[in-house]
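Grab your viewer and work through these exercises with the coordinates open. Try each task before you read its solution.

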Amino acid sequence: MRAALDRVLAADVAAARDVPPFTRSTMDGYALRASDVAEADEARPVRLRVAGVAEAGRPAAAVLGAREAVEIATGAPLPAGANAVVPVERTDREGDAVLVRRGVAPAENVMGAGDDLMLGDVPLAAGTPLGPAQLATLAALGVEEVAVVARPDVAIASLGDEIRPPGAPLGPGQIHDVNSAFLEAAVTRAGGSPRRLGIL
């Protein structure tokens, strides 16, 4: 993938799956049913039974029932039955229960499957220059290799009896070759492959 940096995409790249591929928590806290804590506040916290733990890469096996919660880490898949996450700072743990001191709305602190890209979306079209952000998009899609446009070969020649290479001594009426250095750098920066033919 590194070799694609600063190249130009030769074909569209479509999402072969949703990104992210699952609904996940955007912060550390407790996954729960928003309706269970709708009335929760500092003065009247709501007690929920903690039914399990969900970590990034290790989903919880529990299916949430009424008045249950799952302790969840940022990036972890939301357990079945949950529809929101309350931040850990708004809770107090008491053994196998958690006191929730703030209500949350459905989908709060949650990123849904496909929120970044959906199956079939074309985030990168043919002709797109590939910079760091585009390579990150390819990585998110799970793409390891892409077709890129061939770099144009550009021959560079300097013409004139008065032209001498940089570093060479100058005789009367002679100057150093400036254009070759400039053009070689410009062609390289533009994505081409320069080839110096020398002074003709």
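A residue is called buried under 20% relative accessible area, exposed over 50%, and partly exposed in between (1.4 Å probe, protein chains only). The model is a predicted one, where local features need pLDDT of at least 70, side-chain atom pairs count only at pLDDT 80 or more, and totals for chains, interfaces and linings use all residues. Numbering runs from 1 along each chain as its sequence is written, and side-chain values use heavy atoms, with hydrogens and water left out.

**Exercise 1. Find out what average pLDDT the chain has, and which element has the lowest mean.**

Step one: pLDDT is the predictor's confidence in each residue, from 0 to 100. The chain averages 94, and 100% of the residues score at least 70.

Step two: go element by element, taking strands as DSSP runs of E with at least two residues, numbered from the N terminus. Strand β10 (residues 163-164) has the lowest mean, 94, and strand β5 (residues 84-87) the highest, 98.

**Exercise 2. Work out whether Arg 49 is buried or partly exposed, then do likewise for its salt-bridge partner.**

Step one: a salt bridge puts a side-chain nitrogen of Lys or Arg within 4 Å of a carboxyl oxygen of Asp or Glu. Arg 49 pairs this way with Glu 68, N to O at 2.5 Å.

Step two: place the two ends. Arg 49 sits in strand β3 and Glu 68 in strand β4 (residues 68-72), 19 residues apart, so the pair links distant parts of the chain.

Step three: apply the accessibility cut-offs. Arg 49 comes out at 43%, so it counts as partly exposed, while Glu 68, at 14%, counts as buried.

**Exercise 3. Trace the salt-bridge network that includes Arg 101.**

Step one: the overall count is ten salt bridges. One of them joins Arg 101 to Glu 42 at 2.9 Å, N to O.

Step two: Arg 101 lies in the loop between β7 and β8 (110-111), and Glu 42 in the loop between β2 and β3, 59 residues away.

Step three: Arg 101 is buried because its relative accessible area is 16%; Glu 42, at 47%, is partly exposed.

Step four: add Arg 90 and Asp 92, and you have the network, with Glu 42 and Arg 101 as the other members.

**Exercise 4. Asp 36 is buried: what does its side chain reach?**

Step one: locate Asp 36 in the loop between β2 (29-32) and β3 (46-54).

Step two: look for an opposite charge (Lys and Arg count as positive, Asp and Glu as negative; His and the chain ends are not counted). The nearest such side chain is Arg 33 at 4.9 Å, and Asp 36 has no salt bridge.

Step three: check the backbone. The Asp 36 side chain reaches the backbone nitrogen of Arg 67 at 2.7 Å.

Step four: list contacts, meaning heavy atoms within 4.5 Å. Beyond neighbours within four places in sequence, Asp 36 touches Val 46, Leu 48, Gly 65, Ala 66, Arg 67 and Glu 68.

**Exercise 5. Identify which residues of the largest nonpolar core touch the most other members.**

Step one: build the core from buried Ala, Val, Leu, Ile, Met, Phe, Trp, Tyr and Cys residues joined through side-chain atoms within 4.5 Å.

Step two: among its 14 residues, the answer is Leu 32, Val 37, Leu 48, Val 98 and Val 100. β2, β3, β5 and β7 (97-100) each supply at least two residues, with β3 giving the most, three.

Note on methods: Helix = DSSP H or I, 4+ residues; strand = E, 2+ residues; numbered from the N terminus. Polar contact = N/O pair within 3.5 Å; in protein donor to acceptor, adjacent residues only side chain to side chain.
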